[in-house]
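Dear colleague,

I am passing on the structure below, and I would be grateful if you would read the notes that follow with the coordinates open beside them.

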Amino acid sequence: MATQPGGSVTSRAASETRAGPAGTSNAGATDDVPGKVDEKATQLHAIASLKVLLDATKPQRGGATTSAANHVKINLKETTLADRPNGNIDTTLDSAPEIEDEPEPLSMAWPDTARKRLTYVLVAPLLVPMWLTLPDTRTPRGKRFFPVTFIGSIVWIAAFSYLMVWWANVAGDTARIPPEVMGLTFLAAGTSIPDLITSVIVARKGFGDMAVSSSVGSNIFDVTVGLPIPWLLYGIIYDAPVEVNSVGMVCSITILFMMLVFVVMSIACFRWRMNKGLGFTMFLLYFVFVAVSLMFEYDLITCPV
């Protein structure tokens with residue numbers, strides 16, 4: 001009977017020894033002295049295999065334990081393969097839960113490199129007020145105050161949005177650019193940067209559907225929630241409706257609908273895969289949309305409705 005290193009035996013040899021040859025009676029096995037020796041050897045090897053298995057499950061030092069653990073793992077795989085029906089392999093021995101790295105808390109220490117120092121100085125006017133007012137939920141102490149962080153983040157977004165629109169109007173008046181053009185170009189690009197960052201993050205992790213749905217869902221949220229709530233608050237406070245310039249509104253809605261159709265057709269033409277060709281196509285559609293909208297704004301094209 002062949003033995004393996006570390007005092008273990010293969011499951012096939014052990015099963016053959018326990019079963020014995022076919023047609024052998026108990027009386028013959030009792031009278032046969034070599035049979036007793038084989039049975040005793042099988043018991044000793046079984047005890048040795050159990051001891052090796054127990055030693056392998058304990059974190060001990062030395063390379064012998066590691067090799068014994070790997071050897072027992074191989075024997076367990078052989079036994080599992082032989083016992084499972086249809087030759088299916090149980091992969092639960094090799095599978096291990098993937099543990100994601102927890103995000104590190106925000107550090108306000110002065111960076112080491114020149115590039116990081118420049119970035120630190122540029123984002124300090126935005127980072128320092130939020131660091132002072134919002135609890136960091138990545139720390140054990142700040143996890144309990146996540147509602148405060150959530151509500152405070154919304155307040156900061158509202159404050160930054162107000163300042164951005166105000167400064168964009170001032171810059172547009174200074175450069176003699178109409179507010180509609182500023183909103184169509186600079187403000188639209190500025191408000192889309194957070195969507196761009198989140199889409200890139202989730203796309204790198206392999207969640208392309210989440211990136212696309214985030215971009216589409218943010219626009220739906222802006223139209224159905226972002227615009228009605230300020231208008232509702234304005235109507236409640238001032239008891240007057242909000243006046244909206246509806247000149248060319250039908251043409252604008254038509255352009256938006258056509259852009260949506262072209263976007264869906266472009267994605268379908270590229271077989272529902274996000275690649276470089278689809279990216280260039282999206283850029284082209286955006287420039288066409290901006291050009292047509294500016295033509296309507298400067299009366300180069302007149303809307304019939």
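Among the contacts in the chain between residues at least 6 apart in sequence, 42% join residues at least 24 apart. This is a predicted model, and the chain, read along the sequence, follows the pattern α-α-α-α-α-α-α-α-α-α-α, its secondary structure coming to 11 helices and 0 strands. Of the 305 residues of the chain, 13% count as buried.

Before the details, a word on confidence. The pLDDT of the chain averages 74, and 70% of the residues score at least 70. Two stretches call for caution: over residues 1-32 the pLDDT stays under 50, although the model has 29 contacts beyond four places in sequence for that stretch, and over residues 60-98 the pLDDT likewise stays under 50, again with 29 contacts beyond four places in sequence. Where pLDDT is low, the predicted coordinates should not be read in detail, and I have therefore left the contacts of such stretches without further comment.

The part that I looked at with most care is the pairing of two helices, H10 (residues 249-269) and H11 (residues 276-297). Their axes come within 11 Å and cross at roughly 170°; because angles over 145 degrees count as roughly antiparallel, H10 and H11 are described as roughly antiparallel to each other. On the H10 side, the residues that meet H11 are Cys 251, Ile 255, Leu 256, Met 259, Phe 262, Val 263, Ser 266 and Ile 267, while H11 contributes Leu 278, Thr 281, Met 282, Leu 285, Tyr 286, Phe 289, Val 292 and Phe 296. Sorted by class, this contact of H10 with H11 has 14 nonpolar, 2 polar and no charged residues.

Ser 266, which has its place in helix H10, is one of the residues that meet H11. Is Ser 266 buried or exposed? Its relative accessibility is 11%, and because buried means under 20% relative accessible area, Ser 266 counts as buried. Leaving aside its neighbours within four places in sequence, Ser 266 is in contact with Leu 278, Thr 281 and Leu 285, and these three residues are listed among those of H11 that meet H10.

The loop between H10 and H11 holds Trp 272, which has a positive phi of about 60° although it is not a glycine. With a relative accessible area of 64%, Trp 272 is exposed. Arg 176 also has a positive phi of about 60° without being a glycine, and it lies in the loop between helix H6 (146-174) and helix H7 (179-204). Arg 176 is exposed as well, with a relative accessible area of 80%. You may wish to look at the backbone of both residues.

Lastly, there is the matter of charged side chains. How many salt bridges does the structure hold? It holds 1 salt bridge, in which the side chains of Asp 136 and Arg 138 meet at 3.0 Å, N to O. Asp 136 counts as partly exposed at 21% relative accessibility, a value that can be set against the cut-off of 20% under which a residue is called buried, and Arg 138 is partly exposed too, with a relative accessible area of 37%.

With best wishes

Note on methods. Residues are numbered from 1 along each chain as its sequence is written. Side-chain values use heavy atoms; hydrogens and water are left out. pLDDT is the predictor's confidence in each residue, from 0 to 100. Contact means heavy atoms within 4.5 Å. Helices (H or I, at least four residues) and strands (E, at least two) are DSSP runs, numbered from the N terminus. Buried means under 20% relative accessible area, exposed over 50%, partly exposed in between (1.4 Å probe, protein chains only). Axes are lines fitted to C-alpha atoms, for helices over the stretch in contact, and angles run from 0 to 180 degrees between N-to-C directions. Angles under 35 degrees count as roughly parallel, over 145 as roughly antiparallel, 65 to 115 as roughly perpendicular and the rest as oblique. Ala, Val, Leu, Ile, Met, Phe, Trp, Tyr, Cys and Pro count as nonpolar, Asp, Glu, Lys and Arg as charged, and the others, Gly among them, as polar. A salt bridge is a side-chain nitrogen of Lys or Arg within 4 Å of a carboxyl oxygen of Asp or Glu.
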